[in-house]
Amino acid sequence: MDGKTLIFPFLAIVLFITQTPTAAKESSRPAYTNFIKTKCNITTNPSLCVKTLMSYASTVKTNPRILCKEALKVAIKGARSASLIFWNLKKQEGISQYEAGAIRDCVEAVKSAVHELKQTVNTIGHLSGAEDKESQLHNAISYASSALTNAETCIDGFSESEEKVNPDVKKVIDKSITVIKTLASNALSLISDL
């Protein structure tokens with residue numbers, strides 16, 4: 001298996017991230033886009049934050065809670081795309097049994113991360129009228145942090161036995177997980193700022 005075969009899955013994630021609905025971009029007011037730019041400055045990757053969330057400016061307006069929900073939805077989409085890439089990678093010719101097992105574990109870890117991110121979206125949705133807002137906010141931060149931990153678990157499975165893993169396979173996994181972690185980390189930064 002060569003690196004050229006494996007670069008396609010990574011490019012699919014990059015393309016996903018850079019796609020933006022044009023209707024939202026065109027109808028956004030400067031105040032809305034400035035709000036997103038300002039909020040994204042506190043994240044771990046401001047440029048990716050702006051790139052992935054700017055298309056939601058007309059939905060978000062200047063509501064930080066809605067911004068968090070949209071950031072989480074973007075992270076969920078990224079995780080689902082990575083999971084699909086992992087399944088396709090597992091089916092490629094030349095993947096060893098060890099690699100296939102590690103990839104299967106990655107799919108499960110990413111599935112858990114998606115579940116945690118969905119829990120975070122749900123919790124953020126209940127913040128506005130909650131009497132226990134501080135407790136709910138703590139829960140949202142915990143769920144988002146758990147999603148990051150689950151994503152990291154995937155990489156651990158490939159790092160433990162590097163000699164059993166094709167470097168090209170590891171590279172695709174590492175880059176895909178980095179995208180998930182960056183998107184989730186950006187969302188976590190926005191949630192922590194609520």
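A disulfide here is a pair of cysteine sulfur atoms within 2.5 Å of each other. Keep that in mind, since cysteines will come up a lot. What you have above is a predicted model, in which local features need pLDDT of at least 70 and side-chain atom pairs count only at pLDDT 80 or more, while totals for chains, interfaces and linings use all residues. Residues are numbered from 1 along each chain as its sequence is written, and side-chain values use heavy atoms, with hydrogens and water left out.

Let's start with the overall build. The protein has nine helices and zero strands (helices are DSSP runs of H or I with at least four residues, strands are runs of E with at least two, and both are numbered from the N terminus). Of the 194 residues, 45% are buried; buried means under 20% relative accessible area, exposed means over 50%, and partly exposed is in between, using a 1.4 Å probe and protein chains only. Take the contacts (heavy atoms within 4.5 Å) between residues at least 6 apart in sequence: 77% of them join residues at least 24 apart.

Now for the inside. In soluble globular proteins, nonpolar side chains tend to be buried together. The largest nonpolar core in this model has 58 residues, and L53, F86, F158, I173 and I177 have the most contacts inside it. Such a core is a set of buried Ala, Val, Leu, Ile, Met, Phe, Trp, Tyr and Cys residues joined through side-chain atoms within 4.5 Å. F86 is a good place to look: leaving out residues up to four places away in sequence, F86 touches I103, C106, V107, V110, C154, I173, S176 and I177.

Two of those neighbors of F86, C106 and C154, bring us back to the cysteines. How many disulfides does a search of the whole structure find? The search finds two, and with bonded cysteines counted along the chain they follow the pattern 1-2, 3-4. C68 stays out of this and is in no disulfide; the nearest cysteine sulfur, that of C49, is 9.6 Å away. C68 counts as buried, because its relative accessibility is 1%.

One disulfide joins C40 to C49, with an S to S distance of 2.0 Å. The torsion about this S-S bond is about -65 degrees, so the disulfide of C40 and C49 is left-handed. The other is formed by C106 and C154, whose sulfur atoms are 1.7 Å apart. C106 sits in helix α7 and C154 in helix α8, so this pair ties together parts that are 48 residues apart in sequence. Its torsion is about 80 degrees, so the disulfide of C106 and C154 is right-handed. C40 and C49 are buried, and both C106 and C154 are buried too.

C49 also shows up beside an empty space. The largest cavity is lined by C49, T52, L53, A71, V74, L183 and N186, and its volume is about 30 Å³. The largest share of this lining, three residues, comes from α4.

Finally, head out to the loop between α7 and α8, where you'll find S128. Is S128 buried or exposed? S128 is exposed, because its relative accessible area is 58%. S128 and R65 are 63 residues apart in sequence, and their C-alpha atoms are 8.2 Å apart in space.

How values were computed: On a 1 Å grid over the protein atoms alone, a cavity is a set of points where a 1.4 Å probe fits but cannot get out, and a pocket is an open set with protein on both sides within 12 Å along at least five of seven lines; lining residues have an atom within 4 Å of a point. Grid points are joined across faces, edges and corners, and a volume is the space filled by probe spheres set on the points.
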